[in-house]
Amino acid sequence: MAQPDGKKIFFESLSGAGKAIAVLTSGGDAQGMNAAVRAVVRMGLYVGAKVYFIHEGYQGMVDGGENIEEASWESVSSMLQVGGTVIGSARCMEFRNHEGRLKAAHNLIQHGITNLCVIGGDGSLTGANLFREEWSGLLAELMEKGLIEADAVQKYSALHIVGMVGSIDNDFCGTDMTIGTDSALHRIIEVVDAIMTTAQSHQRTFVLEVMGRHCGYLALVSALACGADWVLIPEMPPEDGWEDKMCQKLSANRAGMKRLNIIIVAEGAIDHNNKPITTDYIKDLVVNCLGFDTRVTILGHVQRGGTPSAFDRILASRMGVEAVFALLETTANTPACVVSLSGNQSVRLPLMECVQMTQAVQKAMDEKRFEDAVKLRGRSFENNLKTYKLLAHHKPESELPCSNFNVAVLNVGAPAAGMNAAIRSAVRVGITEGHKMFAVSDGFEGFYKGQIQEIKWSDVGGWTGQGGSLLGTKRTLPAKHVDKIAEQIRKHNINALLVIGGFEAFESLLQLSDARAAHRELCIPMCMLPATISNNVPGTDLSIGADTALNAIVETCDRIKQSASGTKRRVFIIETMGGYCGYLASVGGLASGADAAYIFEEPFDIRDLQANVEHLTEKMKTSIQRGLILRNENSNENYTTDFIYQLYSEEGKGVFDCRKNVLGHMQQGGAPSPFDRNFGTKISAKAMQWISKKLVEVYRQGKVFANTDDSCCLLGMRRRALVFQPVVQLKEQTDFVHRIPKEQWWLKLRPLMKILAKYKTSYDFSDSSQLEHVHDNRPRDSDAAADM
């Protein structure tokens, strides 16, 4: 892969030689912490630094002794898929006192540690910053007591701190997502999906309490992901009289033939007088007012447990590597920083700026400035709340605007999990905007055959958690049927199109755009949402459905590796889908700890295969005795999965044996992940608002007429922002022969996968972030955390 001239190879620019880095986890545990620890250890060792575990958090730092242990490459093997934190976490009262911090400083100096990577919440990070500020004074005090020499004070004069936020609550300002949040959402949605089946059977109401003592993120996003009837969060207490409104809504939903009700409550939910709203109070309210059979489920620590999701593994791995970069680049004058996520990018922010803003949220809530609290949480939280209100509360027709516009929605291409969530969002936002919504069955094949019918608010109830495409989808392109499609648009007076699909959807919009000159009916606003497990659509970093497929791959790889736990020295060859796009193989390889991933975008030959075999042979001589190789289905027409399997089997004789597995269509199936449900919901709502705006702009003399490039767009995530891009402008960025974008951001993650698998390789860190400020961290159009 071509490297930019500026920062070519990691060894040439930064070196950890002579440095000691310690990593600790503190406060509550969160899934993904182990992935972060693994990344810090392996990247630290890769650059030549000594790396230490500090067991049991700050307590281990204070107690010293065996709690501070030098880490090796093998010591972090097989921990990527383990939940919680294997190095332990504990709350430490002693560290809050000066004497405790003095002991901790002495213990660090004894090991030569002056670089500290802290994984925890705002309390843990605040403690680390205080420790850093006191460091020189602590060393002076240790010297006065004769515990260290004067040269040690000079040698270890500065303590460098980098934080990563590990918290399932996602309650830290300055980052779109904290480590563990996505996994906690997985646990919640798994429970909600299971509860919905039993609730529907008995026509019950369920009240679910989720974690979030001071932050309603989990409650809000899980309510969005499952289409809950009501949600209660601490940042936005319900208005007075909410009990009657909630009961009216539950009753109306039952009258509309809905057989169940779901109410989600954050454990810290309060009313306007800061009085707690409990699950028992809500249950009694529903039973007494409506007589509904009602049950309470408190999820509790289930949300903290289980294996980390693919998202959390990748997030933690990227953050861990970025934390090592930050420590190696820091100077005595560099403030303590925290590695955060903005959109799809890692960023560094001053630690105390983030902590102060996080504390400002709680202060606003205490002072009953709830609107300020929502804004301080950030644009992502604010937009989540607006979207939930938009989709959950159906206004009477008398209160809706009357636009007289008809909007059609359809799926094109292969099915992808999250498509139904996007359709539901589009239909409900469209109705709220005053449009009449039409559903097209079976893509453009159904379109030209006239399989078009009006779709109402209640028709899409319960769609969010459904996999596949309930509307039906086909790969048929419109070019051969443009006349009939134009006729159907005229017949149904369609004024705008929302197309949700993969590369075929992109090609379809290009064909319809080209046909506008010959067919006036096609001169209407058109928008495409990328939805494909392959993530091969130009103009977007992420596609609806790709996260669900990644989780399917990672879960299967975990099980396959576990199957060899009783068998020494075994290598697994796994084939993934994706066409010519290597996204699933590469990012799935990073998330599952693969040794190599073969893809079309990075050509390989027999020498590369031989080098991989030799690498695995060396690996098997250590305590690591399992190997994992991923291969994209179209990575090479000659080096097939069977060929690679046979080559490894032959070359590994006497050292390891091989097994192969073709994952196939299981990557397309299953219920959508929380990420895909919310990504689909949010970008679909944004697309419908864009369509509404365009319809007003192009409505002239009683007709809609839109023939400019910017009226036929793709909505995609680009780095930190969601961007509308004319499809004709994306043609130059596309390899149509292989159906992939010419440039793909995730290729820069491939060297990271190789480094964490102990390969010597070049690493392009030209995108490595510089220190920013919290207030500069939200671009004007950044709905990037709309993905969650």
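Rings of Phe, Tyr and Trp (its six-membered ring) pair if their centres lie within 6.5 Å, and the planes of a pair count as stacked when under 30 degrees apart, as edge-to-face when over 60, and as tilted for the rest. The exercises below concern a predicted model, in which local features need pLDDT of at least 70 and side-chain atom pairs count only at pLDDT 80 or more, while totals for chains, interfaces and linings use all residues. Residues are numbered from 1 along each chain as its sequence is written, and side-chain values use heavy atoms, with hydrogens and water left out.

**Exercise 1. Aromatic pairs**

Task: state how many aromatic pairs there are by this rule, and work out how the rings of Phe 95 and Phe 131 are arranged.

Solution. The count of aromatic pairs comes to 17. For Phe 95 and Phe 131, the ring centres are 5.3 Å apart and the planes stand at 70°, so this pair is edge-to-face. The next step is to place the two residues: Phe 95 lies in the loop between β3 (68-70) and α4 (98-110), whereas Phe 131 belongs to helix α5 (residues 122-144), so the pair ties together parts that are 36 residues apart in sequence. Helices (H or I, at least four residues) and strands (E, at least two) are here DSSP runs, numbered from the N terminus. Burial comes next, where buried means under 20% relative accessible area, exposed over 50%, and partly exposed in between (1.4 Å probe, protein chains only). Phe 95 counts as buried at 4% relative accessibility, and Phe 131 is buried with a relative accessible area of 0%.

A second pair can be treated in this way: the rings of Tyr 580 and Phe 600 have centres 5.1 Å apart and planes at 70°, so they too are edge-to-face. Tyr 580 lies in the loop between β18 (570-576) and α20 (583-592), and Phe 600 in the loop between β19 (596-598) and α21 (606-619), so parts that are 20 residues apart in sequence are tied together. Tyr 580 is partly exposed, with a relative accessible area of 32%, and Phe 600 is partly exposed as well, at 25%. To finish, Phe 95 and Phe 131 form one aromatic cluster with Tyr 58 and Trp 135.

**Exercise 2. Strand β16 and its partners**

Task: decide whether the residues of strand β16 are buried or exposed, and identify which residue of β17 is the bridge partner of Ile 500.

Solution. Six of the six residues of β16 (residues 496-501) are buried, so this strand is largely enclosed by the rest of the structure. Taken face by face, Ala 496, Leu 498 and Ile 500 are buried on one side, and Leu 497, Val 499 and Gly 501 are buried on the other. Two strands pair if DSSP finds at least two bridges between them. Strand β12 (residues 406-412) pairs with β16 in the parallel sense over six bridges, and Asn 411 stands opposite Ile 500. Strand β17 (residues 526-530) pairs with β16, again in the parallel sense, over five bridges, and the bridge partner of Ile 500 in β17 is Leu 529. From β16 the chain crosses through helix α18 (residues 503-514) to β17 in a right-handed β-α-β crossover, a term that applies if, with the strands pointing away from the viewer, the path from the first strand over the helix to the second runs clockwise.

**Exercise 3. Cysteines**

Task: find how many disulfides the whole structure has, and explain why the sulfur of Cys 92 is not bonded to the closest cysteine sulfur.

Solution. A disulfide is taken as a pair of cysteine sulfur atoms within 2.5 Å, and a search of the whole structure finds zero. The sulfur of Cys 92 is 19 Å from the closest cysteine sulfur, in Cys 117, which is too far for a bond. For Cys 215, the closest cysteine sulfur is in Cys 173, at 8.4 Å, also too far for a bond. Cys 92 counts as buried at 10% relative accessibility, and Cys 215 is buried at 2%.

**Exercise 4. Positive phi**

Task: determine where Asn 535 lies and whether Asn 535 is buried or exposed.

Solution. Most residues other than glycine have a negative phi. Asn 535, although not a glycine, has a positive phi of about 55°. Asn 535 lies in the loop between β17 and α19 (546-563), and at 3% relative accessibility it counts as buried.
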